[in-house]
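Reader: Pick one part of this model and look at it closely. Then set that part in its surroundings. Keep it brisk, please.

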Amino acid sequence: MTTAKTKRDYSLVGESTRAAIETGLASAEWYHTDVPRKAMKELMQRSDGPAIRDTIIWLAAILGSAAGIVWFWGSWWVVPFLFVYGVLYGSSSDSRWHECGHGTAFRTRWMNDLVYHIASFMLMRNPVQWRWSHARHHTDTIIVGRDAEIAVMRPPDLLKAALAFTGILDFRYSLPTLMRQAFGTLSEEEKSYIPEMEQHKAVVVARWHMAVYVATIAFAIALGSWIPLVLVGLPRLYGTWHMVMTGLLQHIGLADNVVDHRLNTRTVYMNPISRFIYWNMNYHVEHHMFPMVPYHALPRLHDLIKHDLPEPNPSMWHAYREVWPVLLRQLKYEDYYLKRELPRTARPYRGEFHEVDMSPAAE
Amino acid sequence: MADWVEACAVDDVEEEDVIRFDHGGRSFAVYRSPDDEFFATDGHCTHEKAHLADGLVMDDIIECPKHNGRFNYKTGAAKGAPVCVNLVTYPVKIEAGKVMIQI
């Protein structure tokens, strides 16, 4: 189906924002698979045990690999330790940030908050700003002009997507952003989703982050060594690839401006190591539909509702192979997208939600 | 003058849980605490229009199903981002096995 072409405006205060609000796409009612209350209550239950276990393993692996970096610095033996440390610091921090931001990883609130702040620092993310941007991402998932976390916009910038694996672009954005915020300036877009009463907190926390970076640089200079920077800050560059590899698959190539996560979000089966790093966020349709369910219960939720969801991609490789031709086609036709097929057991996509602005889809 | 309205039977709400009650074009949430007391608040989260009856009750906290915003359902107090505005609470009494709320 073809509609009149309009260029997407990804600004959060522009034409697409106005259109999303006017058409009711903003803060809309989203589709949910029916799950009996009793089953959902069980799935939502919080416990500290799984996240404490995983966090002990995570911190021990971080400290162990950091010790390896210090010990083997100057020899090639340092490389595997850099590989492990980088991924733990630069990638697995994203899932910790995410789950603890939702407050679902631990039952105990302060544990969520502590890990959330540590992970935010590792990611060079302002924890106040990103808490609000992520709330918006859940309210208006891949709604153009509303969602502040659309990773690949249309038409896709493939060079930018490729460079994301190096962390360079994120680093170039994140550090200056923290610096600007530390000087007390929030952008108009940031102000559009951070409530006024929270904005000063964003400035204060940015100052703390910058203070740690300044101290790390001073320490590195005093030691005459790169090691402090390799351990603090730079892993955001050399360890980001796994976060991007898994995270890009969440929504890339799928529909935008729809209110059904089955259409704009992807679940991908992954190996156990990636699932540990990613804290089961590969069950991403399930997470978006029911963000109250902790990461450790997502496989159970998946089993319960998979009859109503598109077939998951069996691997990351499969998902990238599937999406690559879609991205190439979007270079010419930005309205093109990959429409996920539903199993016969699923409730159909609701036409009144999805057909009005439907663009040509890959069947 | 506010009226007492029958919201549900006592047994309709499980311990440490919440149900929805609609009346007069408005929506409410009726809670049963772990120590078997009943409470009532406005039905929708003050952050965005998600119904709290789909959320999770933990001790004296109700967590919104949409963004995990938390309120103390006994006092209505918002407990941090992304909720900033308190919930309105309503007096509750039990009469002959019925949960009555004053609205």
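Author: Two residues count as in contact here when their C-beta atoms, placed from the backbone, lie within 7 Å. The model is predicted.

Start with a helix pair in chain A. Two packed helices are described by the angle between their axes and the distance between the axes. Helix α3 of chain A covers residues 49-72, and helix α4 of chain A covers residues 78-90. Their axes come within 8 Å of each other. The crossing angle is roughly 145 degrees. The crossing of α3(A) with α4(A) is left-handed.

Now the residues. From α3(A) come A:W58, A:A61, A:I62, A:S65, A:A66, A:G68, A:I69 and A:F72. They meet A:V78, A:F81, A:L82, A:V84, A:Y85, A:L88 and A:Y89 of α4(A). By class, 13 residues of this contact are nonpolar and two are polar. No charged residue takes part in the contact of α3(A) with α4(A).

The pair sits in a chain of 20 helices and two strands. Chain A spans about 65 × 40 × 40 Å along the principal axes of its C-alpha trace. Its radius of gyration is 21 Å, which agrees with the value near 21 Å that a compact globule of 363 residues would have.

How confident is the prediction for chain A? Its mean pLDDT is 92, and 95% of its residues score at least 70. One stretch of chain A, residues 356-360, has a pLDDT below 50. Even so, that stretch has twelve contacts in the model beyond near neighbours in sequence.

Next, the partner. Chain A contributes 17 residues to the contact with chain B, and chain B contributes 13. On the chain A side, three helices each supply at least two residues: α2 (37-44), α7 (127-139) and α11 (196-223). The largest share is that of α7(A), with five residues. The chain A side divides into seven nonpolar, six polar and four charged residues. The scores for the model are ipTM 0.85 and pTM 0.89.

Chain B has a mean pLDDT of 93, with 99% of its residues at 70 or more. Look at its open sheet of four strands. The order is β2-β3-β4-β8, and the pairing is antiparallel. β2 (17-23) and β8 (89-90) of chain B each have a single partner strand, so one side of each is left without a neighbour in the sheet. In a regular strand the side chains alternate between the two faces of the sheet.

Go across strand by strand. β2(B) joins β3(B), residues 26-32, through seven bridges. B:D17 stands opposite B:R32 of β3(B). β3(B) then pairs with β4(B), residues 38-42, over five bridges. Here B:F28 faces B:D42 of β4(B) as its opposite residue. These two strands, β3(B) and β4(B), make a hairpin with five residues between them. B:D36 lies in that turn and has a positive phi of about 65 degrees. Last comes β8(B), tied to β4(B) by two antiparallel bridges. B:T41 has B:T89 in β8(B) as its bridge partner.

Definitions and conventions: Residues numbered from 1 in each chain as written. Chains lettered and ligands numbered in written order. Predicted model: local features only at pLDDT ≥ 70, side-chain atom pairs only at ≥ 80, totals over all residues. Nonpolar A, V, L, I, M, F, W, Y, C, P; charged D, E, K, R; others polar. Pairing = 2+ DSSP bridges. pLDDT = per-residue confidence, 0-100. Axes fitted to C-alpha atoms, helices over the stretch in contact; angles between N-to-C directions. Left-handed = near helix turned anticlockwise from the far one by under 90°. Rg over C-alpha atoms; globule rule 2.2 N^0.38 Å.
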